[in-house]
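Let's take a walk through this model together, with the bench in mind. We will look at charged pairs, then the ligand, then a patch on the surface.

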Amino acid sequence: MAGQLRFDDQVVVVTGAGGGLGKAYATFFASRGASVVVNDLGGSFKGEGNDSKAADVVVNEIKAAGGKAVANYDSVENGDKIIDTAIKAFGRVDILINNAGILRDVSFKNMKDQDWDLIFKVHVKGSYKCARAAWPYFRKQKYGRVINTASAAGLFGNFGQANYSAAKLAMVGFTETLAKEGAKYNILANVIAPIAASRMTETVMPPDVLALMKPDWVVPLVATLVHKNNTSETGSIFEVGGGHVAKIRWERSGGLLCKCDDSYTPSAILKKWDSVTDFSNPQYPSGPNDFLTLLEESQQLGANEQGEKIDFNGRVALV
Ligand code: NAI
């Protein structure tokens, strides 16, 4: 079809591609010409057990439709083996979709070390290991695309998901740093907070809502972000599901600038609490240097008669 985004000659690694979102990505990329590594450990959604069938079923489906795919059954904790599968089968790797995931939901009061550790092993260490193994290839060929998978639970917190939330927000910092380190080599990294019907969500959402949340409807954004035509969108967070696609960014309140002397006391901050939390003059920081600029500005501020000054960004300075 004219104007269709194609992935011919590209090799895509999709982790956790035996079902849910991962399967939707894998079948899509294969249908658009890519060679796909379908990775899946094949365990339960709680991270127990393993079964090669999960990946095999998707590979067979892709091949039956005329596509190119190979299965990999390793845990993402062994990301180097997954990338090796791509190199051995197809000779390269262009796109990595870090998607594999599990849940160990439990209230924080009852959380055990095992619940915490397993979530971090799969989501954080798994994403790291796959990206780390792909990185030298991406750098050498001066081309790479990474999608990491966060969650609304990570961005906003969610009852019973302290482990999962922490791991999912880790995906944001990880992505932002990969974007910065990869820029010079045309490696773009973005992170999504998806929402979709899958075995993970089938027990927490009613059937009529699930019907609106097909995994297929997360795919177009991911495909756009990893396509070679995307030459600039990187280090970004997207919320996607049910046909909704939106970018999320950090917002800093106008804030309070305090002179660092004896006047900088808890009660001085409390007196100006409204300024600390006032978002009427927001800033949108994108890196640690933004904070240094802010401090530099604070040196230049003087007092008015009330002992305070509004700087050009609307921040109130205590002086
Ligand atoms: P799913 O349970 O259908 O798919 C996850 C896949 O990952 C499974 O096939 C599973 O076998 C595989 N997997 C688990 N641990 C693995 C490991 N160590 N190594 C290799 N494969 C492994 O779940 P779904 O919904 O498709 O989730 C995909 C990703 O999206 C996950 O990272 C999840 O946390 C995230 N997510 C999903 C949301 C949703 O609404 N479905 C919401 C927010 C985030």
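A residue is called buried when its relative accessible area is under 20%, exposed when over 50%, and partly exposed in between. Please keep in mind that this is a predicted model.

With that scale, Glu-61 is easy to place: its relative accessibility is 38%, so Glu-61 counts as partly exposed. Glu-61 forms a salt bridge with Lys-23, and their closest N and O atoms are 3.1 Å apart. This pair ties together distant parts of the chain, as Glu-61 sits in helix 2 (residues 53–64) and Lys-23 in helix 1, 38 residues apart. Lys-23 is partly exposed too, because its relative accessibility is 26%.

How many salt bridges does the structure hold? There are six, and three of them, including the one just described, are set out here.

| Salt bridge | N to O distance |
|---|---|
| Asp-8 and Arg-6 | 2.9 Å |
| Glu-61 and Lys-23 | 3.1 Å |
| Glu-48 and Arg-104 | 3.5 Å |

Glu-48 and Arg-104 also link distant parts of the chain, 56 residues apart. Glu-48 is in the loop between strand 2 (35–39) and helix 2, while Arg-104 is in the loop between strand 4 (95–97) and helix 4. Is Arg-104 buried or exposed? Its relative accessibility is 11%, so Arg-104 counts as buried. Its partner Glu-48, at 46%, is partly exposed. Salt bridges with shared partners join Glu-48, Arg-104 and Asp-115 into one network.

In the Asp-8 and Arg-6 pair, Asp-8 is partly exposed at 39% relative accessibility, and Arg-6 is partly exposed with a relative accessible area of 33%.

Now to the ligand. Of the 30 residues around the ligand, Leu-21, Asp-40, Asn-99, Tyr-164 and Ser-198 come nearest. A polar side-chain atom of Asp-40 lies 2.5 Å from a ligand oxygen, and a polar backbone atom of Leu-21 is 2.8 Å from an oxygen of the ligand. On the nitrogen side, a polar backbone atom of Val-76 is 3.0 Å from a ligand nitrogen. The protein covers 95% of the 820 Å² of accessible area that the ligand has on its own. Helix 1 (20–31), helix 4 (113–141) and helix 6 (162–182) each give two or more residues to the shell. That shell divides into twelve nonpolar, 14 polar and four charged residues.

Finally, the surface patch. Phe-291, Leu-292 and Leu-295 make a nonpolar surface patch of about 280 Å². Leu-295 lies in helix 11 (residues 288–299) and counts as partly exposed because its relative accessibility is 38%.

Notes:
Residues are numbered from 1 along each chain as its sequence is written. This is a predicted model: local features need pLDDT of at least 70, side-chain atom pairs count only at pLDDT 80 or more; totals for chains, interfaces and linings use all residues. Side-chain values use heavy atoms; hydrogens and water are left out. Patches are made of residues with over 30% relative accessible area and no salt bridge: like charges are joined within 9 Å, nonpolar side chains (Val, Leu, Ile, Met, Phe, Trp, Tyr) within 5 Å. Accessible areas come from the Shrake-Rupley method with a 1.4 Å probe; for residues, only the protein chains shown count as cover. A salt bridge is a side-chain nitrogen of Lys or Arg within 4 Å of a carboxyl oxygen of Asp or Glu. Helices (H or I, at least four residues) and strands (E, at least two) are DSSP runs, numbered from the N terminus. Buried means under 20% relative accessible area, exposed over 50%, partly exposed in between (1.4 Å probe, protein chains only). A residue is near a molecule or strand if one of its heavy atoms lies within 4 Å of it. A polar contact is a pair of N or O atoms within 3.5 Å; within protein, one must be able to donate a hydrogen and the other to accept it, and residues adjacent in sequence count only if both atoms are side-chain atoms. Ala, Val, Leu, Ile, Met, Phe, Trp, Tyr, Cys and Pro count as nonpolar, Asp, Glu, Lys and Arg as charged, and the others, Gly among them, as polar.
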